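Me: Please take a close look at one part of this model, the open sheet. I would like to know how its strands are arranged and what lies across them.

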Amino acid sequence: MPTNPRRASPPATPPTATSRPAAGAVQQATTSRVGVRKTYKLFVGGAFPRSESGRSYAVSSAAGDFLANAALASRKDVRDAVKAARAAVSPWAGATAYNRGQILYRIAEMLEGRRAQFADEVRAGEGLGKSAAETAVDAAIDRWIWYAGWSDKVAQIYGNANPVAGPFFNLTTPEPTGVVGVVAPAESSLLGLVSVIAPVIVTGNTSVVLASETRPLPSITLAEVLATSDLPGGVVNLLTGRVAETGPWLASHMDVNAIDLGGVADPALGTQMEVAAAENLKRVIRPRGGEDWSAEPGLDRLLAFLEPKTVWHPKGL
Amino acid sequence: MTVTAKSTDTSPRVERPTDLADVARSEAALRTFLHGLPGVDQVGADARAATLGTRSIKTSAKKWAIDLAIRMVDLTTLEGADTPGKVRAICAKARRPDPADPTCPAVAAVCVYPSMVATAAEELRGTGIHVASVATAFPSGQAPLAVKLDDTRAAVSDGADEIDMVISRGAFLAGRYMEVFDEIVAVKQAAGAAHLKVILETGELATYDNVRRASWLGMLAGGDFIKTSTGKITPAATLPVTLVMLEAVRDFRSVTGRQVGVKPAGGIRTSKDAIKYLVTVNETAGEDWLDPDWFRFGASTLLNDLLMQRTKMATGRYSGPDYFTLD
């Protein structure tokens, strides 16, 4: 195996047509180009930085083969991501539900365009067969569409005009909670990931997501989709790395308003993060092992990160 | 003097006769002196500042630096929309920057417009926190001298014990150094016992050579502090400009024996930035300047970041802006 395949081109002095006609042609045909490998980086504030720590870690396929190096996020990356998420809250929560819905549909369109790439990554990472991987990707895109539809409907279903004993309109509307930390499921690298991000952002929250530690590659490809879909920078921030290292910093961060611990596999870590999250009374989705991501998701996750706001408005003259 | 030259200096030491009393005897003499100052190596100054900015200050040293930086803050509100209520609020914050933590030190001073001095002085009486007032037609300095002097006297009589004056950049850039010099002398006289900070507005001075000249001019005329900028134009304070000014005060002390303070103002928003400045102070002027009497930060948003960092170090978890006042 030559160290550089580009060297395998024909020699400087071409062989004569009579002596080795076939050899030159064969060499020409087998000249392979050097593939351009993707650098998997973090996704923070709409940009793709490397980890502040400069670290990375090797990601292997389900079969144990080396796939790529992913960035190994540090606590300072968590801090930067929370800052970016906080800055994005007001424009994203202030956008109309219709506008947010349109952007989410746009993301689904972009996902559709990368179906094959996602299927390959899911297949390698989760060790699925070709058709099972494609099914998982299709389910993820459909899941995203399903949540996108809720953007301008959730207030209709979960808001209310309350009857009160006085000359007032009394209206309750669901409002976003703010910055939501998310620990993505470890096993389901795309469907699970989509199922925890979409319900958070569709209602106007922004998120800091700790991607699956062992299967992070689809999350960064998803970030590339998000970056090209009119989603404002900072609404979704994706960090790859060790959940046991960054998770507690995210859970204890005083500027994070809620956290979804559904993807935490280790019970001790889950408890530690719940305790840390209690310090500023974050809304918490507790660790729950063995979720079936292919099942109909229900609205638990979407409703968990909403705050009901009630206004009294005088009626009549 | 005690200050020793560092081999990494960006400028040669200024070697001058110790008697500077007569450099301002005439316009020509003053110009000869200011233009005789060694030029600043701009690339060198930028590189030196960048290098100093890479120092890693962690754990106990960082804790110490943050507390020192808080004690050096001139908590500033200079808005057309300032009201007595807002000034009272920032005075309360100046006294107890972090109400949740009694060990948090108070800031050095509150900096307001002359019309708000009386309110601030009332609020800060007996606390040891200084009342600083901008004066002399801040921020442009474009007013007749008599108006500027009245401005200064009014602020002092209302209770300001520090006056932040702006120099006439127009006169300075036109080369009328004597006019600027006389104006600083006159304002110093009008300010009486109050400390005089001379704002150079380095963002309008165009070159580091001019910054060095203006620094010397401000010091020769009797300024107790030299301050980078008003905060009203960009660029405001930058690390290399502050480095040049720190070299100037160091050289000035070694020549005359009088120590002058430095105050960068505007654009310093994070604890990390503040610590870079402290490193630069220590490495350029020396430890004598690492004191709120000799180095100040003109800032408003910086304080919250310092408090958040301080809280993070105390509690071990990241803090958020929800836990501190907005102004």
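**The open sheet in its chain**

Reply: Start with charge. Chain A carries 31 positive and 29 negative charges, and their mean positions are 7 Å apart. Keep in mind that this is a predicted model.

Now the setting. Chain A has 11 helices and 10 strands. Its C-alpha atoms fill a box of roughly 105 × 40 × 35 Å along the principal axes.

Next, the sheet. It is open and built from 5 strands of chain A. Read across, the order is S7-S6-S5-S8-S9. The pairing is parallel. Strand S7 (236-239) sits at one edge and strand S9 (283-285) at the other, and each pairs on one side only. From one strand to the next, the twist averages 15°. In general, strands of a sheet pair through backbone hydrogen bonds.

Zoom in on one pair. Strand S5 of chain A covers residues 179-183, and strand S8 of chain A covers residues 258-260. The two run parallel and are joined by 3 bridges. In one of these strands, S8(A), Ile259(A) is the bridge partner of Gly181(A).

What lies across the sheet? Helix H2 (residues 75-94) of chain A does, over S5, S6 and S7. Strand S6 spans 206-210, and the helix runs at about 155° to S6(A).

Step back to the whole chain. Of the contacts in chain A with a separation of 6 or more, 76% link residues 24 or more positions apart. Buried residues make up 45% of its 317 residues. The accessible surface of chain A is about 15,200 Å², and 56% of that belongs to carbon and sulfur atoms.

Methods
Residues are numbered from 1 along each chain as its sequence is written. Chains are lettered from A and ligands numbered from 1 in the order in which they are written. This is a predicted model: local features need pLDDT of at least 70, side-chain atom pairs count only at pLDDT 80 or more; totals for chains, interfaces and linings use all residues. Side-chain values use heavy atoms; hydrogens and water are left out. Two strands pair if DSSP finds at least two bridges between them. Helices (H or I, at least four residues) and strands (E, at least two) are DSSP runs, numbered from the N terminus. Axes are lines fitted to C-alpha atoms, for helices over the stretch in contact, and angles run from 0 to 180 degrees between N-to-C directions. Contact means heavy atoms within 4.5 Å. Buried means under 20% relative accessible area, exposed over 50%, partly exposed in between (1.4 Å probe, protein chains only). Accessible areas come from the Shrake-Rupley method with a 1.4 Å probe; for residues, only the protein chains shown count as cover. Lys and Arg count as positive and Asp and Glu as negative; His and the chain ends are not counted. The place of a charge is taken as NZ of Lys, CZ of Arg, CG of Asp or CD of Glu.
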